Structure formats: structure tokens, C-alpha cells
Amino acid sequence: MNLSRFTWSVLMVTEKNMRIYYYKGSVVIFGLLFPFIMFLTFFIGRDLDLVLFFPGFLGMMLFFSASSTGPLITPWEKREKTYERLVSLPVVIGSIILGDILSGAVFGFIITTLVWLVGSSLLHLPLADPVALIAALLLGSLAFASLGTLLSSPATDTPSNIMMFSNLVRLPLIFVSGIFIPLSQLGDWAWTNLLSPLTYLVDLFHTAITGDGVYSPIIDSAVLLIIILIFGMGAKTIQQYNLHSGR
Amino acid sequence: MDVIEARNLKKAFGPVNAVDNVSLCVKEGEIFGFLGQNGAGKTTTIRMLTGVLIPDAGTVKICGMDILQEPLEAKMHMGVIPENGTVYADLTAEKNILWTAKCYGMDKKSREEKAQEILERLGLESRKDDLVRTFSKGMRQRISIACAIVHSPQVLFLDEPTTGLDVLSRRLVIDTVRHLNQEGSTVLITTHNIEEANALCSRIGVIHKGKIIGINSPEKIRKEYDTSGFLEVSFAQWISGSILVAGGISRVEPLGDKWRVYTDDTDRAIKDLVHIAEQNNLKIISIATSTPSLEQAFIEMTEGAS
């Protein structure tokens with residue numbers, strides 16, 4: 001396969017997604033408003049250390065924003081019947097998956113970077129490890145955009161079903177990932193964190209901002225990289241199967 | 001040169017064989033009509049030809065390139081108008097066309113010029129900045145066509161492009177297909193509208209229950225089934241059809257205020273009709289001879305295959 005043509009097809013799918021799906025109501029609600037509301041719910045009225053809490057908030061912000069466009073795209077296009085047109089253009093399933101991931105990742109990256117910039121300038125937050133911050137923003141946005149794309153892969157043309165399903169998966173993860181309670185303070189329940197991919201992103205943000213992550217940033221980055229590959233390949237396998245079965 | 005080459009295509013959905021061993025070749029410059037009843041396998045076949053559906057077996061080559069092995073290269077040569085002419089409703093008419101042109105790698109200047117030219121040709125220039133979601137079905141179909149032809153494809157696939165359109169939109173679609181063909185595009189069009197296929201296509205493939213039961217020019221298909229001609233006759237008075245059955249007339253059926261009279265011997269049938277009219281003191285208003293239409297040939301073919 002011609003690599004430059006493939007890369008172009010990925011960029012075209014990304015551009016289309018950015019033009020159409022960034023402004024959809026469910027993306028704005030679940031990608032922007034929801035994490036803010038969650039933050040306010042847990043923060044207001046409690047005597048919490050904001051420096052300790054902020055890495056968790058950034059993780060949650062990136063998690064929700066990066067994974068909010070993916071679940072919408074494929075079901076929406078199947079409902080509108082534009083998916084068939086898309087597949088008949090010079091694209092392959094791989095370019096559709098990567099384009100969906102990239103558009104979700106760009107959304108998450110921009111939103112979370114803005115939140116970090118505003119937060120750190122208003123609250124004078126420290127920055128212990130800039131490399132870890134960049135790794136967290138890049139790998140985290142790609143990992144959770146991949147999760148969003150994987151969630152959208154089951155054959156359905158009803159976006160609301162997938163949005164409901166994606167929240168069913170996403171919401172429990174924020175409670176077992178060290179967002180509201182730092183990993184170092186979880187004690188006997190610490191093992192539950194290992195199961196959540198969000199744990200490693202929040203830990204990487206802790207390393208970046210406070211410098212006291214539980215795991216090595218290399219381990220956190222490696223786990224996020226593996227998650228990108230697993231979710232991305234999973235999405236491709238399912239959508240390839242759908243193309244074969246005509247769903 | 002064959003620009004579309006399908007060999008032994010098979011597709012089953014559960015126990016149903018939607019497409020069963022379909023092979024067809026379409027030559028450069030042809031308008032090939034794919035004719036069949038609803039559910040015959042037309043859309044499944046065109047979806048496999050365009051890479052939208054992966055076949056269970058068989059191969060498809062577009063301009064010599066295998067659609068499964070070299071999908072990006074093969075798709076660069078084709079334009080597709082899917083059933084229901086879908087485009088992005090949240091983009092403007094012009095943005096739909098420009099984005100599609102960009103997908104085909106056209107540079108900025110050519111895609112802007114081509115988009116402008118097509119919008120004018122399809123009568124959408126004044127609505128180019130409006131979101132497609134505000135368009136009627138006919139206008140959406142025109143945008144769908146614009147997106148499919150913006151890169152001047154060598155091969156154009158149209159899946160029932162005129163279904164549900166008004167007369168003017170239908171005419172515009174047909175004229176555009178003809179125009180593109182004259183400019184050198186090869187066209188494969190699926191339809192269940194026989195007259196449309198007759199008017200447009202140089203060759204027709206008839207598909208029935210997933211199998212191709214005949215491929216030929218419309219005229220040859222009609223001739224092949226020209227086993228009996230018919231006459232259409234109308235009388236000034238009301239008559240019972242039974243009085244028309246005579247030596248040269250094999251079958252009679254009412255057709256509005258006329259009678260369709262089937263015969264193997266037109267000359268003898270006319271003489272018989274004149275004789276019957278004289279005998280029964282009837283006044284013949286009109287009498288016209290005809291050969292079976294493509295529609296009749298199609299019905300005979302599909303009934304024969306059943």
C-alpha cells in the first residue's frame with residue numbers, strides 16, 4: 001500500500017471528523033461539561049489540596065474529552081448512511097480508525113492543554129517533569145481516543161446507544177484510577193487501580209506536576225502505548241468484521 | 001479494455017445467498033445497466049464492486065487493480081453514488097465537494113475550479129454555502145453526484161440514482177450520466193426502472209435471486225424474447241374480450257380502453273380483427289402493432305429463471 005496515500009487518507013478522515021463532530025451536543029456535554037461538573041462536585045465545599053487534586057482533574061479531563069468524539073462518529077455515519085460513501089472513497093478501514101483516533105486525540109489534547117495552561121497560571125501549579133507532561137498529554141489523548149473508537153465499533157446505527165454504553169464503561173473507571181483519591185493513599189484497595197488504564201495517565205500527571213508518581217513514568221508510558229495498540233487493533237478487527245458481514 | 005472485471009463473486013447473509021457466482025466485465029466507455037427486482041442482489045453486488053462489502057469469494061478489478069489487494073489505488077479511479085445519495089448533512093454543499101476532491105488528492109486550485117463548474121452544471125451555485133441538511137432529496141442527490149464526479153473518475157457507479165426523485169431531478173441525473181459517459185467515463189448503474197435502463201444503457205445485465213440470468217444489449221434482449229408480437233386495438237363500442245379470440249390470436253387482455261391481442265402472425269391477426277369487427281358491426285378506432293418491450297422480456301427472463 002502506498003504510504004503517502006494512506007497517510008493522506010488518515011488526514012482526510014481526521015479533517016472531516018473535526019469539521020463535523022467537534023460541535024455535536026454529546027461531545028460538548030460529555031467531553032467538556034461533564035468533567036468540569038464532576039470536578040466541581042468533588043472539590044467545592046471540601047478542604048482538598050488543589051495541587052494534589054489537579055493531576056487527577058487533568059487526567060479526567062483528558063479521559064473524557066479524548067474519548068467523547070470516537071463513540072459518536074461511526075454510529076452517526078451509519079445512521080446518516082454516510083459511512084458507505086466514506087468507505088467507497090480512497091480510504092481503508094485502517095485510515096478510518098486512525099482518523100477517528102486522531103480527531104479524538106486532537107480534541108482531548110487541545111482541551112486538556114488549555115485547562116493545564118489556565119490552571120497552572122491561575123493556581124501557580126508546579127511543573128516537576130515537563131517531559132512527563134508532554135508524554136501524558138500525547139499518549140493519554142491517543143489512548144483514550146482509541147478507547148472511544150473501540151467503543152463505537154459494534155455494529156449499530158444508533159449513536160445514543162453507544163453513548164450510553166461508553167458512559168457505562170467510562171464512569172466506573174474514574175472511581176478506581178486515583179482521580180479523587182491519590183494512588184498513594186488507597187491502601188488495601190490499591191490493586192483495583194491496576195485494572196484501569198486511566199490510573200497510568202493520572203500517575204503520569206502526578207509525576208509531571210508534583211513529581212511523586214507511584215509508578216515510573218516509563219512504565220506509565222509503556223502501559224498507555226500498549227493500550228493504544230490494543231484498543232486500536234480491537235477497533236480495526238471489529239470494523240473489518242462489520243465490513244465483511246455487511247453491518 | 002475491461003475497466004470493471006468481477007469474477008465469481010459470492011456473498012451470503014446467513015442462509016441467504018445474496019449474490020451467487022456473479023461474473024461480469026464492463027468495457028471502457030460503456031454504460032452498463034444492472035437490472036433486477038428488489039432484493040435480487042444488485043446493491044450487494046455494487047457494494048462488493050466498490051469495496052464497501054468484502055465478498056465471501058471472488059475477485060473484483062477496477063482498471064486492472066484488485067479492489068481488495070490495492071484498495072486505495074483502485075478507488076482513486078472510481079466515483080460512487082450510493083443508494084439514497086448520502087452526503088454530509090452538517091457540511092455545506094461546497095464543503096462536501098471540496099473535501100471529497102481533497103480526498104482524491106486534487107490540488108486547491110483544481111478542486112475549487114471543478115467544484116464551481118459542477119455546482120453551476122447541477123444548478124446548485126446559489127445554494128453552495130447552505131448546509132446540506134436544508135436541502136430537498138433531489139438536491140442532496142445532485143450533491144452526491146457532484147461529489148462522485150468531482151475528480152472526473154474513469155468508472156462511475158450509481159446505485160438506483162433516480163429512485164424517489166421528481167421528473168426534473170431524474171432528467172438531470174440521466175443527462176449528467178450521459179454527459180459523463182460522453183466525456184469518457186464508464187458507467188455501471190443499478191436500477192429496477194426498465195425504461196431508464198433501456199434509454200441509457202449500451203448493455204444490460206439481469207440479476208435474479210443473486211444470479212446473472214442474461215447480459216446483452218437492450219435490443220438483443222428484447223429480440224431474444226420476441227417469440228410473439230402483439231397488437232393494441234380499440235373499438236368504439238364496449239365488447240367482451242372473448243369475441244376477439246380467433247385463429248391468429250392466441251391471447252387477449254384488457255389495457256385501459258383498449259385490448260392487447262397476442263399473436264404469432266401479425267398479418268393474420270389484423271385480418272381476423274377486421275373480420276370480427278365486420279361480423280359484429282363494431283367500429284375500430286385504432287389498431288397498432290408492437291413487439292415485446294424490454295419490460296416484457298425482463299418479466300419473461302425472471303419468470304423463466306424462477
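What do strand 7 of chain B, helix 6 of chain B and strand 8 of chain B make? This tour of a predicted model ends there.

Residues are numbered from 1 along each chain as its sequence is written, chains are lettered from A and ligands numbered from 1 in the order in which they are written. Because the model is predicted, local features need pLDDT (the predictor's confidence in each residue, from 0 to 100) of at least 70, side-chain atom pairs count only at pLDDT 80 or more, and totals for chains, interfaces and linings use all residues.

Select chain A. It has eleven helices and zero strands; helices (H or I, at least four residues) and strands (E, at least two) are DSSP runs numbered from the N terminus. Of its 247 residues, 49% count as buried, meaning that 20 or more other C-beta atoms, placed from the backbone, lie within 10 Å of a residue's own (12 or fewer is exposed, in between partly exposed).

Now colour chain B by pLDDT. The mean is 88; among its elements, helix 10 (residues 294-305) has the lowest mean, 72, and helix 3 (residues 93-103) the highest, 96.

Next select strand 7 (residues 155-159) of chain B, where five of five residues are buried. B:Val155, B:Phe157 and B:Asp159 lie on one side, B:Leu156 and B:Leu158 on the other.

Add strand 6 (residues 78-81) of chain B, which runs parallel to strand 7 and is joined to it by four bridges; strands pair if DSSP finds at least two. B:Val80 has B:Phe157 as its bridge partner.

Finally, add helix 6 (residues 167-182) and strand 8 of chain B: with strand 7 they make a right-handed β-α-β unit, the path from first strand over helix to second running clockwise with the strands pointing away from the viewer.
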